[in-house]
Amino acid sequence: MVLQNLSNLDETTASKYPGIPDYAACQSRAFAQGVIGMVVGGGSAAVAALTAKRYFPGFPSRFNVFYIAGAVILSGYAVTARASMKCQKNLVQSQIEKDMTRQTNSSQVNSVIGRRVAAPRIAELASDPTRTTTLTAEKLLSDSGGD
């Protein structure tokens, strides 16, 4: 599914997640890059199979289609996954910036009420290199004890 337009997105969701239109456009680009990666990977595997047959005449050519299909799948997945991860990081970053702006604007209220400001903890969680799971904005907010 390629997302080109989010004109029917309701106001509540759009205000809650300000980076959704950019995320959708980024995911569309990631999908297109994955398709291009599949074509390039398949072409490279076909050239490699033909080269192997020329230089190694005993190389069994009956399994070439499996090698090529494997290269197509792996290259398409690798390119799409890498581009999609960039999109997710951009979405999380936009959510963090939104939350930091909101909390900066309400910092006086937070100090009077005595609530903990979650923005430094969110930044700490997002930059932790030992995390192995993919972070989402919702997960960052729930881990940090924010709103």
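**Close-up A. Serine 75, a buried residue.** Serine 75 is buried, because its relative accessible area is 18% and the cut-off for buried is under 20%. Please keep in mind that this is a predicted model. Serine 75 sits in helix H3, which covers residues 64–105. Follow the side chain of serine 75 and you come to the backbone oxygen of alanine 71, at 2.8 Å. Setting aside residues up to four places away in sequence, serine 75 touches Gly37, Met38 and Gly41.

**Close-up B. Methionine 38, a contact of serine 75.** Here we turn to methionine 38, which is found in helix H2. Methionine 38 has a relative accessible area of 37%, so it counts as partly exposed. If you leave aside its neighbours within four places in sequence, methionine 38 is in contact with Val72, Ser75 and Gly76. You can also look from methionine 38 to alanine 78: these two residues are 40 residues apart in sequence, and their C-alpha atoms are 9.3 Å apart in space.

**Close-up C. The disulfide of cysteine 26 and cysteine 87.** A disulfide is a covalent bond between the sulfur atoms of two cysteines. How many disulfides does a search of the whole structure find? The search finds one. In this view, the sulfur atoms of cysteine 26 and cysteine 87 are 2.0 Å apart. The link between cysteine 26 and cysteine 87 is left-handed, with -85° about the S-S bond. This pair links distant parts of the chain, 61 residues apart: cysteine 26 belongs to helix H2 (residues 20–55) and cysteine 87 to helix H3.

**Close-up D. The two cysteines and their burial.** Are the cysteines of the disulfide buried or exposed? Cysteine 26 counts as buried because its relative accessibility is 14%. Cysteine 87 has a relative accessible area of 2%, so cysteine 87 is buried too.

**Close-up E. A nonpolar surface patch that includes phenylalanine 66.** Which residues make this patch? Phe63, Val65, Phe66 and Tyr67 make the patch, and its area is about 430 Å². One of them, phenylalanine 66, lies in helix H3. Phenylalanine 66 counts as exposed, because its relative accessibility is 56% and the cut-off for exposed is over 50%.

Conventions
Residues numbered from 1 in each chain as written. Predicted model: local features only at pLDDT ≥ 70, side-chain atom pairs only at ≥ 80, totals over all residues. Heavy atoms only, no water. Helix = DSSP H or I, 4+ residues; strand = E, 2+ residues; numbered from the N terminus. Buried < 20%, exposed > 50% of the residue type's maximum accessible area, 1.4 Å probe, protein only. Polar contact = N/O pair within 3.5 Å; in protein donor to acceptor, adjacent residues only side chain to side chain. Contact = heavy atoms within 4.5 Å. Patch = residues over 30% accessible without salt bridge, like charges linked within 9 Å, V, L, I, M, F, W, Y side chains within 5 Å. Areas by Shrake-Rupley, 256 points an atom, 1.4 Å probe, with all protein chains shown as cover. Salt bridge = Lys/Arg side-chain N within 4 Å of Asp/Glu carboxyl O. Disulfide = S-S within 2.5 Å.
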